[in-house]
Amino acid sequence: MGDARQSYDGPTEKDPLLSSVDVVSPTRRRCSIPIRYVVTFMAFLGFFNVYAMRVNLSVGLVAMVNYTDTVNVTDACPERYNSTKDTKEGPYDWDSIIQGQILASFFYGYIITQIPGGFIAGRYGAKWVLGLGVLCTTILTLLTPLAASISPYALMALRVLEGLGEGVTYPSAHALFARWSPPLERSTLMSITYSGSYFGTAVFLPIAGLLCSSDFLGGWPAVFYISGVMGLVWFVFWCLLVSSTPAGHWLISEEELRLITSSLENKQVVRDVPWKSIFTSIPVWAIVVANFCGNWAFYTLLTDLPTYLKNILKFDISQNGILSSLPYLAQWFVTVLSGYLADLMRRRQLLTTSATRKMFNSLGFLIQACCLVGAGLAGCNVTIAVACLIGTTAACGMTMAGYTVNHLDIAPGYAGVLMGISNTVGTIPGFLGPSVASFFTNKSQDKQSWMKIFVIAAVIAIIGMVVFQLFASGVQQEWAKDKKPKPINSSEESEAKSSVET
């Protein structure tokens, strides 16, 4: 830490992306709170809002649709004792196929901007790419009730546009923390950031359920208005408190700047992206496969869990929102805890980075698969079914310390691009998952149909576990290193020497 007390000499030609706009005076204001934690907290709130706006339709759709006219529910569980109070039906007679297409349409746009988002954020700075992506989603969220009143196809088109805006968020966040996170804080900072998505889901689902069952602002339209306003407020503070690089922040201290830049000095970005090396790298493809497999169960539950709770387990709309939120509250907690434990193991050199990533990833996928099958076998035992669904999403949080942060291990300088590539493939379950669910449940909502949905997700999770365990790596790849590499810190050096992965 001795370097952290030296005076700041200004950026050199080896500091990437530090344009004259980014560089501030060596005479810096001091802030008692480390600015990287401020950036992390604002990113956490950003993903909180992103997922509040993403899941609002999952609950809102339950209140928007008249299920009496559109759904044939058979072999469902007995009515809950107080379910009769939920007597309101929505104004739209959209069948399960239309509903599945509406839920999936977001991902048609989301998949398109993944790679461009990561590339642009890595080249020109992540602050505005992420911020403007969220702002775009925010504005379109406010227009959702209007689009729904026009036609289901207008709503689908709007959701595609929302996906285009939101598609840049994960790749740009990876690019942002490639500049802001010291290597031994990487799992912690990234886990806190991305846990905002689960916390936002957990908090907003019950709020959405209560709003839908009320008359405030018309009931279900209030879900979109409130989440949209929240996004606008966040964008203002994001503009004021975040910069793309540590050197560009107006409040960062000299000590913290030195701490970050010295820990990353041998991991500078080479401007020319080695596309061929990326697409022929086995560890990259291990991440890609794991991303696809991990997102299958996550997106299936994210979009269809409220429908399952309503039609099969027979919970009313307000109970639905509360119960739907519990799995994501558990996931938020497990995500933060896993990130902390992963960094602790690496700091104490209990496990190499490779072993740490594989351990958390395998545990997450295995528990996820077991809980999915358990939810299907539980039938109408509501306690066991809900516990298994909570376990499924909580286990997803463990993979945050596995494949999700692994991009920064193998190629920190190209983390945004890699996240764009893997999340492009990882987005496919976003529209395939709801489509598969609607295929099995279109003619009839019954326990057997949902059992098939859960088993498919469990098998896919096991495939992801096996592939990542066999082919992933925690070592920075040769093609991702600077042309003139400098000595790396002792913990990473010892790992690189002891690791057998390439």
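## A salt bridge within helix α7

Glutamate 162 and arginine 159 both belong to helix α7, which covers residues 152-166. Because they are 3 residues apart there, about one helical turn separates them. In this predicted model, their side chains meet in a salt bridge, with an N to O distance of 3.4 Å. Glutamate 162 and arginine 159 are both buried.

## Salt bridges between helices

Another salt bridge joins arginine 357 to aspartate 409, and the closest N and O atoms of this pair are 2.5 Å apart. Arginine 357 is part of helix α15 (residues 353-378), while aspartate 409 is part of helix α17 (residues 403-410), so the bridge ties together parts that are 52 residues apart in sequence. Arginine 357 has a relative accessibility of 1% and therefore counts as buried. Aspartate 409, at 5% relative accessibility, counts as buried too.

One network of salt bridges with shared partners contains Arg36, Glu185 and Glu256. Within this network, glutamate 256 bridges to arginine 36, with 3.1 Å between the closest N and O atoms. Glutamate 256 lies in helix α11 (residues 254-263) and arginine 36 in helix α1, so this pair ties together parts that are 220 residues apart in sequence. The relative accessibility of glutamate 256 is 7%, which makes this residue buried. Arginine 36 is buried as well, with a relative accessible area of 7%. In total, the structure holds 8 salt bridges.

## The nonpolar cores

The largest nonpolar core is made up of 128 residues. Met64, Trp94 and Tyr308 are the residues with the most contacts inside this core. Helix α1, which runs over residues 35-64, supplies the largest share of the core, with 16 residues.

There is also a second core, separate from the largest one, with 7 residues. Among them are Val334, Met345, Ala394 and Met398.

## Aromatic rings

The structure contains 28 aromatic pairs. In one of these, phenylalanine 298 and tyrosine 299 form a tilted pair, with ring centres 5.5 Å apart and an angle of 55° between the planes. Phenylalanine 298 counts as buried at 5% relative accessibility, and tyrosine 299 is buried with a relative accessible area of 2%.

Phe298 and Tyr299 also belong to a cluster linked by ring pairs. The other members of the cluster are Tyr51, Phe106, Phe107, Tyr110, Tyr198 and Tyr328. Arginine 54 sits over rings of this cluster: its charged end is over the ring of tyrosine 51, at 4.3 Å from the centre. Arginine 54 also lies over the face of tyrosine 110, where the distance to the ring centre is 4.7 Å.

## Cysteines

The count of disulfides is 0. For cysteine 388, the nearest cysteine sulfur is that of cysteine 371, at 5.3 Å, and cysteine 388 is in no disulfide. A disulfide requires the two cysteine sulfur atoms to be within 2.5 Å.

Cysteine 388 has a relative accessibility of 14% and counts as buried. Cysteine 293 is buried also, with a relative accessible area of 3%. The cut-off behind these statements is that a residue is buried if its relative accessible area is under 20%.

Technical notes. Residues are numbered from 1 along each chain as its sequence is written. This is a predicted model: local features need pLDDT of at least 70, side-chain atom pairs count only at pLDDT 80 or more; totals for chains, interfaces and linings use all residues. Side-chain values use heavy atoms; hydrogens and water are left out. A nonpolar core is a set of buried Ala, Val, Leu, Ile, Met, Phe, Trp, Tyr and Cys residues joined through side-chain atoms within 4.5 Å. Buried means under 20% relative accessible area, exposed over 50%, partly exposed in between (1.4 Å probe, protein chains only). Helices (H or I, at least four residues) and strands (E, at least two) are DSSP runs, numbered from the N terminus. A salt bridge is a side-chain nitrogen of Lys or Arg within 4 Å of a carboxyl oxygen of Asp or Glu. Rings of Phe, Tyr and Trp (its six-membered ring) pair if their centres lie within 6.5 Å; planes under 30 degrees apart count as stacked, over 60 as edge-to-face and the rest as tilted. A charge sits over a ring if NZ of Lys or CZ of Arg is within 6 Å of the ring centre and within 35 degrees of the ring normal.
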